[in-house]
Amino acid sequence: MHEVSAQVWQNLPTVDFRNRFFIEIWKEILYVDTPSFYQAKTMNTMSGAAEIIDSVDDYIGDPKNGKHLAAMIEDFRELWKSDPVAKDVYSNLHNKISDLLNLNENSINKTISLEIKTFCRLIISKEREYFDALKRSLKQSVLGCANLEQKDRITKEIQNLSKSFIGYLLWKGYSPTYLYNRMEMLTRTKNYGRRDFNAQLNSVLDKLTTRIHQYDVYFAIGTLQKYLRGIEELLDVHFIQYENQMSQEHFSKISQGLTTTTLAKITVSSTDYVSAAWEANETLDKAIDFIAIEKPMHKVEYSPLCFTKVRIGTIDHRHTINIGRLKQFITSKKTNILDNIDIERKSQFRSSIRLDRYDVLTRSLRYLRIAKDSTSLEQKLINLWISIECLFEKTEGNIISGISKYIPRFYAVNGIISRIVYSKSLLSKRLNTIPEKIIEDLSLSKGKFNELSLEEYFELIKIEKNRHEIYSELDKNDEQFIIFRLIQFFDNINDSQKIEERLANTKKDVERQLYRIYRLRNKLAHRAFHGNVRPQFVDNLITYLLSAYSIFIYFSSYDHIKGFSSQDTFNIFEVSYDNIISSLEPEKNLKISI
């Protein structure tokens, strides 16, 4: 995440802590390397209602889909009850819908499911009213009159409304990259002109509408140029000479490394230029797939960069997008769960990878590699799912039952460790130097947070008086966002009961997401479904997969046991689960016990 310097924060025309906090929350939610549990949720009130409508149709078609429908209803029920905007917009229906959603898998039948579908359609019918109310509430939370002493309530409200607002925009087709870049309008003083912060924020948010514009998107084609220009048009892709379409400068930029004069032009309707590039790329890939019928021995090469053009009002907007790099971002993060494992364990694991028990891992890694090399989101998702399936091929029941039994637990445990790592990273960047009083009290030989090991950091931060000393130093620099993150994190692990609750909630969230992705995977694999694969789903699958890999590494100490299988690893994890939880309690040392 691009770090804004203290000097820049001081120069921005912010009024109070809420303004900066909002910017930092927004950037965190959308930043590609933010841990997934702090990123935007894939479900919001509108998308959840639409998802239930589809799930009801699937259930009516095949009652075996009842479990998935129940999971989606449970997910939506919690969201519906906690959404203050929905309570206002749907005041006459809110209690009725809440009661209707209060059911489980055993109580679902055709009549009830159709009634739920009807109410979900009513929810979506007021979508515009809901969106306008959500935007007003978000503005009010950041700009309106408030008792600024109530920082805990205010920061939670801004976070929740921001997540709802961003989640809605992503569902409507906005690109996370575009939304992230929009926030740069609030962190660069030159963008303000004569506006104050209130006017600038209103300008930024008001331009985020659900209006659709027609974008022309261009890719440079490097092979089969004469053949493709002879086709002229295939599946809404026009193959043309670049003259009269763009300047030589823009053409040279997108045709880097290709000897060509040919363009693929695709016109798409989209919310923003980045999403337009994604959609056009999918359309181009589909056309290239059909070209293989006539030219099976040839590969159509096209530029990783594309050029977008749109006219809004009387102004032409032009952008060059490296869509190839955006694809790589999805499967290549700077940090991941495996970075949290110590060198000794990784060394132990490397000495064991020739064992037969790791055949499943070898196959899984192959499909991970294919997913990374794939150019489409659909292929990335399919291959990542296969990569996960490889690990659980010997579990009892069908494949989704095995995956949904273990992956949520793997991820939940890794998630708490990742939260500790993330909080350390934030402090290292923002505070850097450990407060003098803490250094004296603990007789530390190290003076900076980034010099501490994870165990040393946890030993320091788990002591309440140390945290308050840190909060005091952060408050001097108006670092309310970091204070909020640290408080929120330790609220989740300050005793064994809170840890159990955090793990249980994470497991439940991951299980629902797995069923959501599994449903999409089945559409892709069995119904020739194309498009509408959200980058978040791909990101989630990678994180889930890496959490499973981490278990293999952690439990490689059992490799000396003859005939020890991958399923044995999962069984030992089940037995060790309570010990792992215990090691995360504040009064204990940070150590994964197996």
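**Figure 1. Strands β1 and β5 side by side in the predicted model.** Here β1, covering residues 213-221, runs antiparallel to β5, covering residues 302-312, and five bridges hold the pairing. For a landmark, look for aspartate 216, which sits opposite lysine 309 of β5.

**Figure 2. The hairpin of β5 and β6.** On to the next pairing: β5 also teams up with β6 (residues 315-322), again in the antiparallel sense, this time over eight bridges. Arginine 311 has aspartate 316 of β6 as its bridge partner. Two residues separate the strands of this hairpin, and glycine 313 adopts a positive phi near 70 degrees.

**Figure 3. A salt bridge between glutamate 479 and arginine 20.** The model contains 34 salt bridges, and this view picks out one of them, with the closest N and O atoms of glutamate 479 and arginine 20 lying 2.9 Å apart. The two residues come from distant parts of the chain, 459 residues apart: arginine 20 belongs to helix α2 (residues 17-30), while glutamate 479 is in the loop between α22 (464-476) and α23 (480-491). Are the partners buried or exposed? Glutamate 479 is buried, because its relative accessible area of 7% falls under the 20% cut-off. Arginine 20 is buried too, with a relative accessible area of 7%.

**Figure 4. Glutamate 78 meets arginine 512.** Their side chains form a salt bridge with an N to O distance of 2.9 Å. Glutamate 78 is part of helix α4 (residues 66-82) and arginine 512 is part of helix α24 (residues 496-526), so this contact ties together parts that are 434 residues apart in sequence. As for the surroundings of each partner, glutamate 78 is partly exposed at 34% relative accessibility, whereas arginine 512 is buried at 3%.

**Figure 5. Arginine 512 again, now with aspartate 509.** Which other acidic side chain does arginine 512 meet in a salt bridge? That would be aspartate 509, at 3.9 Å from N to O. Both residues sit in helix α24, three residues apart, or about one turn of the helix. Aspartate 509 is partly exposed, its relative accessible area being 27%.

**Figure 6. The salt-bridge network around these residues.** Zooming out a little, salt bridges with shared partners link Lys41, Glu51, Glu74, Asp75, Glu78, Lys508, Asp509, Arg512 and Arg516 into one network. Arg512 shows how the sharing works: its side chain meets Glu78 as well as Asp509.

Terms used. Residues are numbered from 1 along each chain as its sequence is written. This is a predicted model: local features need pLDDT of at least 70, side-chain atom pairs count only at pLDDT 80 or more; totals for chains, interfaces and linings use all residues. Side-chain values use heavy atoms; hydrogens and water are left out. Two strands pair if DSSP finds at least two bridges between them. Helices (H or I, at least four residues) and strands (E, at least two) are DSSP runs, numbered from the N terminus. A salt bridge is a side-chain nitrogen of Lys or Arg within 4 Å of a carboxyl oxygen of Asp or Glu. Buried means under 20% relative accessible area, exposed over 50%, partly exposed in between (1.4 Å probe, protein chains only).
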